[in-house]
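Please look through the sequence and the structure below before reading on. The paragraphs that follow take up a few helices, the burial of chosen residues, and some of the salt bridges.

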Amino acid sequence: MGDPKEAGAEGPPAGAAARGGLSLLSQGEPEEPSAQGSALFLGGNEVKSRAVVKYSSAPPRTAFARLEEKTDLKLPPANWLRESAKLGPAGTTILGNSKKSKPFSSFGMAYDFIDSVGNDVDVVSDSENIKKLLKIPYSKSHVSMAVHRIGRTLLLDELDIQELFMRSSQTGDWTWLKEFYQRLIDQKWQRKKKSKEHWYQKAILSKFLYYSINGDGAAQPVPSTAEQQESSSSDQTNDSQGASWPAPFEMPSSVSEDPSASSQGSEPLEPSYIVGHVASAPKEQNLTTLFNDGEHSQGLKNDFVRNILWTFEDIHMLVGSNMPIFGGGRYPAVSLRLRDNNKPINVLTGIDYWLDNLICNVPELVMCFHVNGIVQKYEMIKTEEIPNLENSNFSTKVIKDIAQNILSFLKSNCTKEGHTYWLFKASGSDIVKLYDLTTLCEETEDKYQNPFTMPVAILLYKVACNMMMKKNQNKKHYGTIRTLLLNCLKLLDKSRHPQIIASANYMLSELFQLDEPKKEENSESPLNENSDESYSEEEEEMPDSDENGSYSTSSDPSDDSKAVAIIKSVGELSVPEKYKSIHQIRPSCAFPVCHDTEERCRLVLSYVLEGLKSVDSSIKKESDLPAADPSTPIPLKYEDESTRGDPEGPEKQMALFLDKMGSLQKGNYSSQSGMIPGSWQHKMKLQLILKSSKAYYVLSDAAMSLQKYGRALRYIKLALQSHDTYCCLCTNMLSEVLLFLSQYLTLCGDIQLMLAQNANNRAAHLEEFHYQTKEDQEILHSLHRESSCQGFAWATDLSTDLESQLSVSCKCYEAANEILQFSDLKSQNPEHYVQVLKRMGNIRNEIGVFYMNQAAALQSERVVSKSVSAAEQQLWKKSFSCFEKGIHNFESIEDATNAALLLCNTGRLMRICAQAHCGAGDEFKREFSPEEGLYYNKAIDYYLKALRSLGTRDIHPAVWDSVNWELSTTYFTMATLQQDYAPLSRKAQEQIEKEVSEAMMKSLKYCDVDSVSARQPLCQYRAATIHHRLASMYHSCLRNQSIYMKA
């Protein structure tokens, strides 16, 4: 606003003759953008500028009042330092913020516009820093800036060395940098004091701007008396205290480990007027909100009146500006400047004015000239005419070249994300040097002395969070997100920042899709692509000069050996394309492609383990907790029975189920480690435990597909132990989590069934089951801090007994099905429900067959005893019950084929029962018993039901043929037994012959001799046998009749 205070102003550097001006095309009112929120400046095919106001806290523009000649600016106006609706609070919005630029000003903007960081924007900085950089070739003043890289974005902040060292003299911090700085400039630093002339100029500028406000009748006194003091004393205070440095790498006092704690000392920025879109990151439920307003306590608040997205040629910058803008009447927008008539405008001042107007999209400049504070005249200058003013002639093309060269230089050398770089030019020097302060700091005893470390880590975390929320939209950013989070973790001390570390590790685990489908090797995967936003976490050493030999890394070994890069002469910055960005985007930052499921899950578990360690380390031990005050009553929470709702509701049912499974200790949800429900540790540990259970489930499923059943059982055991711990900690079970548990138990049932069917390789399975990695042990140790993890122990025991394994498998499926009855999960997940019922039907068939075979074995061993043993009858009942339940399972999901198979097996069971009742002993005295006939007829009924279930042969020809064969066999067996062991003691000969004939004909009916199959010869042989037996029987009947008639 006043004259720039660069000492020893020079003219344009060599080769910087005027190469064309800038024509400005104002589209409407600059700070009131069009529907697209933009205004465009084009200049003679040489310099392009486009400014979009993203945010503004300034009220509508007020017209400036032209002061009369001879007005004495040394006298304060009536409205000086008073609040007005036209001014905004305390006059800071219209008149600009007079405070000194804060050391973290770019971070405040980056937090508010997190969408732009690392992606679309090249530079984020205060407009004063941008101007200072672009004036380097013209100025002898010193330059000291901190540079940070976040993706493709550079954050620039003023690094006030003197302010830093004043603090270090009190705290002892940064002593290493102080010593290095003294060696660098070869002299002891001294804090320069502002001259009286400086404070005089600031005072009359402040009074001039208040005078210039059109109409001050409504001005009111400022409530705070401190703001009514002299401007000089106010500025002195701001200069010494406004840009306060935070303690190096300390958590802000308002950032509590408990997210419920809020900041008392700072308020979020509440703009009066917002222009365009304020791109603040949305919140996501499953990501813990770590920072509310805590960063503001470290000076990370966005204090700028307006934030502008400025595109200068091909450079995209997010710039903060406090320049006062007036308007009204025939001037839609003007910048107001006060000039001493005795001092001509120099090049530095002209560049300053031109850049300010360009950045803020202001088409005109109004200068008020004074002599010793007495107003003389006004002069209006168009922005495009500023480069051609007398004594202030400069080339806009040169400024463009300077901007492009500086950006290329910084991007080529500030390559390590999370590192703090220091761009330094001593006063009166032509050499610009770049140092990596992070590397220098790591050589000291305490590597966390860098006060930028915490803000950078937070910004890396916030950018990653923002990209995570959009991860489903574009998976090519996964590599970028991973690199951001890994670099964030590198900056943090595990003992001081467990919350951020835990959250970052959880997000890293979330990047890996555990259930992603397998892709062909040649197919294109978005995870293999390298996006333009990708960058390397491990930067390789880059060559330090391009083909033009543009810069060097060393000049004098004694002074410059620590420098990353050096610009030997500021004049080089004016040469077009002297510096080219040679920092290549390398594929090392690409998201790791895991060709193996186990490798992917192991990566996830490694991040989960680090997150769990971080959470566990932050939980205070019981001995560390403050003792209760004996005089303070402990509040007890009572629950109104009337508000509890239905006692048989889903939550109550789930609690009863878990209690039945043995999951809850004493029926209560509790943490053995003492975690407070609702704390960040509690929320984060729940998320991490759930993630570990998913990873172990996927590992188990993969091992199952490889037929490694012992390993699969070990992994599903860890998954169920994780889930059991989750149940012990979680007070409100989500339906999604219940579905996971149902899936885990279903897989566990599959594994137990396969182990039962592969008993011959039991030793190998046992060895795999008992093997455990160190990582698994540590995760289990963290789980045991909260729970005994014995809730589902019954499901994961590796038994050697076949019956026990089948029983456990069945119980797993039953438990999985029971879970689906809660909260209407059955209708929400119909596919999983069908799979569970199919498995239940299958395992019940397996158990039924197992009991049936045992009964048959007992029957074969029974020789002497004529009666059926009680053990046999018990086995029949068990087998029949299993078959019956299995048939019901398949019928409920309309699986006709499997229902037919189980009906067929039930028929076979009835035949075994019939065989058990056949008389033993003398073969000549034996007769076909009624019990045999009863069971054979029952078997026939079940076979006929099976055929009715199938309907037609087209549904499943193989099953249809099998049932027909079994039915034919049953009829044939019954007819044969009746013919061979005729029950003459109970029936007449004619009746027996009739029944045998009918049974044989039915057997012949279901014996398919025409279809070509493996069973065709058997069918043909049986048909022949039936015809032979019937012929023999009919022949015997005829012979007996003839004998009877002769007699």
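In this predicted model, a useful place to begin is Ser693, which lies in helix α17, the run of residues 680-705. With a relative accessibility of 1%, Ser693 counts as buried, because buried means under 20%. Leaving aside residues up to four places away in sequence, Ser693 touches Ala719, Ser722, His723 and Tyr744.

Burial can also be followed along a whole helix, and α11 offers such a case, since 16 of its 16 residues are buried. Helix α11 comprises residues 453-468, and its 16 residues, at 1.5 Å a residue, should span 22 Å, which agrees with the 22 Å that separates its end C-alpha atoms.

Turning to charged side chains, the count of salt bridges comes to 29. One of them joins Asp356 to Arg337, at 2.9 Å from N to O, and this pair links distant parts of the chain, with Asp356 in helix α8 (residues 347-360) and Arg337 in strand β9 (residues 331-340), 19 residues apart. Asp356 counts as buried at 4% relative accessibility, and Arg337 counts as buried at 1%.

Another salt bridge is formed by Arg711 with Glu598, whose closest N and O atoms are 3.8 Å apart. Because Arg711 lies in helix α18 (residues 709-729) and Glu598 in helix α15 (residues 597-618), the pair ties together parts that are 113 residues apart in sequence. Glu598 is partly exposed, at 30% relative accessibility.

Asp961 and Arg953 also form a salt bridge, with 2.8 Å between the closest N and O atoms; Asp961 is partly exposed at 21%, and Arg953 is partly exposed at 35%. Finally, salt bridges that share partners join Glu128, Lys131, Lys135, Arg337, Asp352 and Asp356 into one network.

Technical notes
Residues are numbered from 1 along each chain as its sequence is written. This is a predicted model: local features need pLDDT of at least 70, side-chain atom pairs count only at pLDDT 80 or more; totals for chains, interfaces and linings use all residues. Side-chain values use heavy atoms; hydrogens and water are left out. Helices (H or I, at least four residues) and strands (E, at least two) are DSSP runs, numbered from the N terminus. The expected span of a helix is 1.5 Å times one less than its number of residues. Buried means under 20% relative accessible area, exposed over 50%, partly exposed in between (1.4 Å probe, protein chains only). Contact means heavy atoms within 4.5 Å. A salt bridge is a side-chain nitrogen of Lys or Arg within 4 Å of a carboxyl oxygen of Asp or Glu.
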